[in-house]
Amino acid sequence: KVIGLASNKIILCIYTVYEGAYQTKLLSVTDEGTIDNSFGYFGTASIDSIKCVDVAVDLNGDYIIAGNYSHFSTDNFRIAKISTAGIIDSTFGNDGLISTHFEASSWVNRIAIQNDGKFLLGGLIGDFASDIAISRHLSEDAVDISDDQ
């Protein structure tokens, strides 16, 4: 996923393997195509326990990453928050992550941020991914959802 910012920077959200560990990385690139070393650690911010599927910018300019638990996991919608400086916001959810657990298989496809700052995650749920699932969150949310809700 790529985001073009008003500051002429570009943010890339990628999911990669580094030394055997899966990680999501945000990479900040200037409009001239060089790494923005003022962001994170030499231009990158890394977070475990989430596979980046989509990313959005919240009302404060921070980056909200949407995805599942990992490359092989299909049972959680997850959200992570990275500050504009490229640092994981440990006050967001549980050490920077919010997880919504569904009893059935689920896959996140998109994130949207409402005008009031709440996050909407949309995706698919069910053994054959035949139903639509939507979850709505505040930053302090941490929820478990059963299939009958």
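Cys 13 and Cys 52 form a disulfide in this predicted model, with their sulfur atoms sitting 1.9 Å apart. A disulfide is a covalent bond between the sulfur atoms of two cysteines. A search of the whole structure turns up 1 disulfide. Cys 13 belongs to strand β2 (residues 10-18) and Cys 52 to strand β5, so the pair ties together parts that are 39 residues apart in sequence. The torsion about the S-S bond of Cys 13 and Cys 52 comes to about 140°, and the disulfide is therefore right-handed. Are the two cysteines buried or exposed? Cys 13 is buried, at a relative accessible area of 5%, and Cys 52 counts as buried too, at 11% relative accessibility.

Stepping back to the chain as a whole, the count is 0 helices and 12 strands. Read from the N terminus on, the elements simply go β-β-β-β-β-β-β-β-β-β-β-β. The chain has 149 residues, and 42% of them count as buried. About 8100 Å² of the chain is exposed, with carbon and sulfur atoms supplying 50% of that area. As for contacts, take those in the chain with a separation of 6 or more: residues 24 or more positions apart account for 39% of them.

Strand β5, which holds Cys 52, also takes part in a hairpin. Strands β5 (residues 51-57) and β6 (residues 63-68) run antiparallel and are joined by 6 bridges. One residue to pick out here is Asp 54, whose bridge partner in β6 is Ala 66. Between the two strands of the hairpin there are 5 residues, and in this turn Gly 61 has a positive phi of about 90°.

Positive phi values also turn up in residues other than glycine. Phe 42 is one of these, with phi near 55°. Phe 42 is placed in the loop between β3 (21-29) and β4 (44-47). At 58% relative accessibility, Phe 42 counts as exposed, because the cut-off for that label is over 50%. Asp 95 is another such residue, its phi being near 55°. The loop that holds Asp 95 runs between β7 (76-82) and β8 (97-102), and Asp 95 counts as exposed with a relative accessibility of 57%.

Next comes the nonpolar interior. What is the size of the largest nonpolar core, and which residues have the most contacts inside it? This core has 15 residues, and those with the most contacts inside it are Phe 77, Ile 79, Ile 111, Phe 119 and Leu 121. The elements that give two or more residues to the core are β6, β7, β8, β9 (106-113) and β10 (119-125). Of these, β10 provides the largest share, at 3 residues. There is also a second, separate core of 14 residues, and its members include Ile 11, Ala 45, Ala 80 and Ile 82.

Ile 111 gives a view of the surroundings in the largest core. Leaving aside neighbours within four places in sequence, Ile 111 is in contact with Ile 79, Phe 119 and Leu 121, among others. The contacts of Ile 111 also include Asp 54 and Ala 66, the two residues that are bridge partners across the hairpin. Val 55, Ala 56, Ile 64 and Leu 120 are likewise in contact with Ile 111.

Finally, there are the aromatic rings, where the count comes to 3 aromatic pairs. In one of the pairs, the rings of Phe 39 and Tyr 63 have their centres 5.9 Å apart and their planes at 80°, so the arrangement is edge-to-face. Phe 39 lies in the loop between β3 and β4, while Tyr 63 is in strand β6, so the pair ties together parts that are 24 residues apart in sequence. Phe 39 and Tyr 63 are both buried. Another pair is formed by Phe 92 and Phe 119, also edge-to-face, at 5.9 Å centre to centre and with 70° between the planes. Here Phe 92 comes from the loop between β7 and β8 and Phe 119 from strand β10, so the pair ties together parts that are 27 residues apart in sequence. Phe 92 is buried, its relative accessible area being 1%, and Phe 119 counts as buried at 4% relative accessibility. Phe 119 thus appears both in this aromatic pair and among the residues with the most contacts inside the largest nonpolar core.

Definitions and conventions. Residues are numbered from 1 along each chain as its sequence is written. This is a predicted model: local features need pLDDT of at least 70, side-chain atom pairs count only at pLDDT 80 or more; totals for chains, interfaces and linings use all residues. Side-chain values use heavy atoms; hydrogens and water are left out. Two strands pair if DSSP finds at least two bridges between them. Helices (H or I, at least four residues) and strands (E, at least two) are DSSP runs, numbered from the N terminus. Buried means under 20% relative accessible area, exposed over 50%, partly exposed in between (1.4 Å probe, protein chains only). Contact means heavy atoms within 4.5 Å. Accessible areas come from the Shrake-Rupley method with a 1.4 Å probe; for residues, only the protein chains shown count as cover. A disulfide is a pair of cysteine sulfur atoms within 2.5 Å. A nonpolar core is a set of buried Ala, Val, Leu, Ile, Met, Phe, Trp, Tyr and Cys residues joined through side-chain atoms within 4.5 Å. Rings of Phe, Tyr and Trp (its six-membered ring) pair if their centres lie within 6.5 Å; planes under 30 degrees apart count as stacked, over 60 as edge-to-face and the rest as tilted.
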